[in-house]
Amino acid sequence: MSDQKPSQATIAKENAYRLPETVSPISYEIKLVPDLASFKFSGSETITLSIHSATNEILFNAIDLQIENARIEQDGSETSQTAIVKIEKENERVRLVFPSTLAAGTWHLKLDFSGEINDKLRGFYRSAQALKNGEKSWIALTQFEATDARRAFPCFDEPSFKATFQLTLCVDKDLTALSNTSVESESIEGNKKTITFAKTMKMSTYIVAFVVGHLEMSEAVMVDGIPMRIYAPLGKLHLTKFALEIGAAALAFFNKYYGIPYPGDKMDMIAVPDFAFGAMENVGAIIYRESALLVDTEQASHAELERVADVVAHELAHMWFGNLTTMKWWNGIWLNEAFATFMELVAVDNLRPNWKRWESFGASRAMAFATDGLKATRPIEFPVNAPEEANGMFDVLTYEKGASVLRMLEQFIGPDKFKSGVNSYLQKHKFANTETNDLWQALESASGAPVQEIMNSWIFQEGYPMISASLDADKKSVTLKQKRFYYLESKANDAAKVLYQVPVLMRAKLKGESKLVEKTLLLKEDETKASFEKDLEWLVVNAGGSGFYRVNYSSELLDSLKAVLPQLSALERFNLASDLWALTMNGTVKLNQFLQFTKLFKDEEDKNVWSVIAGALQYCDRAFSSDKKAIEKLRALTVEILSPTYKRLGWEVKAKESELTKQLRGLAISTLGTTGGDKDVSKEAAARYDKHLSGEVQLAPDVLSAVVAVLASSGEQKRYEQFEASFKNGSSPQEQERYMYALGMFQDAALLEKTLAKTLAGEVKGQNAPYLVRNIMLNPHGRIVGWHFVKSNWEQINKTFPSLIMTRLVEGVTGLLDESLAKEVFAFFENYEFAGGQKTVDQHLEKLEVGLAFIAKQKID
């Protein structure tokens, strides 16, 4: 074995990160022997290959593996050749050089290797579950997406190199061992057992999975002949009922929607203590972080239940879109994730229609708007070369913006035609790899609409348009103009002109007519006119609220809508408030105009609409935190507009109350008690919390979450210690996380420093630490101690926190809305390069610029 870099001549012929197509895998037979005491593993594998043209070299992926032996024999021959192994560490590849030429045909490559079960939450890694006696029980598991299968076994680690996999695990006999498929055979010898799993379908390396450890198993639920189970860490099986119910319903829904049976032979959903992301869609063995799968339905807030349902549906949607049909390369990962996000909403809305999931998605879509209005944004699909660049694709633009433009397209061509096109696409490309245009062609055939032309303007161009709408002099027509939206005018001046193909859906009330009129057009040019038969009383652009664009109404049109707010749908009211807030953020609208606008919503009953207003007030609280007079006025306004809702709903849940109403009660309490600084609310919250702890009353889950936030924001040492104990001893993952994040909401700097120290001391899991540090920097009272902690401990943070989610921590700098702190931030990150996440970091830094510009331009009178 040697550690050798390829010659410049070789690099010139090859892509430094892509494998040549002269050799492709047909099947893998892999045997692994993990040791959970030493955290080492050994392995052997046979890769059956198709060599397409004669060669004496084979190139595949491997990193952090010791390859002890490499030999090859042609199919039907017993003569083998032993290779010289050359490690190309920089490119995460291994080059095998054979003494004789390998003719075109089928060959069997046999490899022996070993590696470490690492603690980095990627590849083949370890996770600890705490036992009641204080000891740890280790679980060994995998997380391979995007390019980390190569850390567990040598492979052709690119999505287009699909093959079948048959895995054998040799483990301690008292451990549970799981993989993508059902157990084919099992034997026990001494204190070890050897388990061989059935051969998988033809699939990509990144969805191979295996888990070894002490786990509890639920009963199986049969879904169209497929057994579905949940595996949980010890003592947590009682938290699986909700996810199993949602999972079974979602799997059945997708079987019907896609028109193709689920392609696996079983479905295990596995909760583990440490996981970098929410979950991973491995065929037949979906792995989740605990809080995304395990939940106490009696104690969880609606938001916590909704998250479990969303994540479960999202991962199951991938079984078809992503696993059965897969992108050729990582530039297409957006379609996997965007479509799964879209389908999770379709499924959950079908299974829980009273949750109004498409309306609540507006808040998620707003996050995409916030990033895509930056100069530092990116197109949804863009070139990916190095492995770390693929990891940078898992962001709000891939998930939320991608899902939003798919929803916009579905609403434009119609849900039935959309579904028909999707079914045709999957049927044609099952077990294969595709490019984005393959889907557009299928949808175009099904609908007759110019889908490819429309979608290319959204997928390959960054940003989104602001549609300006103004009433013409004849009162019967409106002029619509499109222009890319920016938060910073200086960024807009440097940018090239961009035009989008915008599906515009409108709804209007004409004078003298009782029936509303709907009109649809495709805006391709800078501007166009939309004419109606009679004078317009009012007009909604982006009717239904599914378009991924903002609307800037002329004062005349806006005033007409203000007068008829109850006649707009909840999502249309959401968009009206959200778009006006965006125009306030970029300086087009004065802040006081927006704040006066919020007074129109005193009688608003929709939680999602209120979330826009509450979010805007919270941002103002953060932006003007050092201006006492401004904060006093902001608090008075918050109390003025929310008190009617607070008084109307009270503290107690009423019979037959909707889920959104329950959530609104919590939002009203938390906003009044934090941003509003309402002492009466805080006092009542404390009294009710004490009664809740004593068992005298039972606070509704949404109220309890709000109360915890209110008490933390006004709490002192004693309250901190109380919440600290609840964090350590929480009976469910949601309860533990609720109190963990509460420890970052206090105002006292010393208490926040204590919380920050927990992230490096191991008291806060690595999977949660970046988020907690982020939240403390977003806390106006924590920005100084939070930034000082990051700056002073940067080296240790990078060693301790998972690298895959470090950009989540950097998001906290968007809350450092202080000129002196901002200067430090810009200087600090100027010379630091985030592998695979630099674009996201640039976005966070620009959001900080946006905040500083907002403060400079706006004021609260």
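Reader: How many helices and strands does the protein have?
Author: This is a predicted model, in which local features need pLDDT of at least 70, side-chain atom pairs count only at pLDDT 80 or more, and totals for chains, interfaces and linings use all residues. Residues are numbered from 1 along each chain as its sequence is written. Helices (H or I, at least four residues) and strands (E, at least two) are DSSP runs, numbered from the N terminus. The protein has 28 helices and 31 strands.

Reader: What is the radius of gyration of the protein?
Author: The globule rule (2.2 Å times the number of residues to the power 0.38, with the radius taken over C-alpha atoms) gives 29 Å for 861 residues. The protein comes close to that value, so it is as compact as a globular protein of that length. Its radius of gyration is 28 Å.

Reader: What share of the residues counts as buried?
Author: Buried means under 20% relative accessible area, with a 1.4 Å probe and protein chains only. Of the 861 residues, the buried share is 60%.

Reader: In which sense do E2 and E3 pair?
Author: Two strands pair if DSSP finds at least two bridges between them. Strand E2 (residues 23-35) and strand E3 (residues 40-51) share twelve bridges, and Ser-24 has Ser-50 in E3 as its bridge partner. They form a hairpin with four residues between them. The sense is antiparallel.

Reader: Which residue in E12 stands opposite Ile-30?
Author: E2 pairs with strand E12 (residues 164-172) in the parallel sense, over six bridges. Opposite Ile-30, in E12, stands Leu-167.

Technical notes. Side-chain values use heavy atoms; hydrogens and water are left out. Buried means under 20% relative accessible area, exposed over 50%, partly exposed in between (1.4 Å probe, protein chains only).
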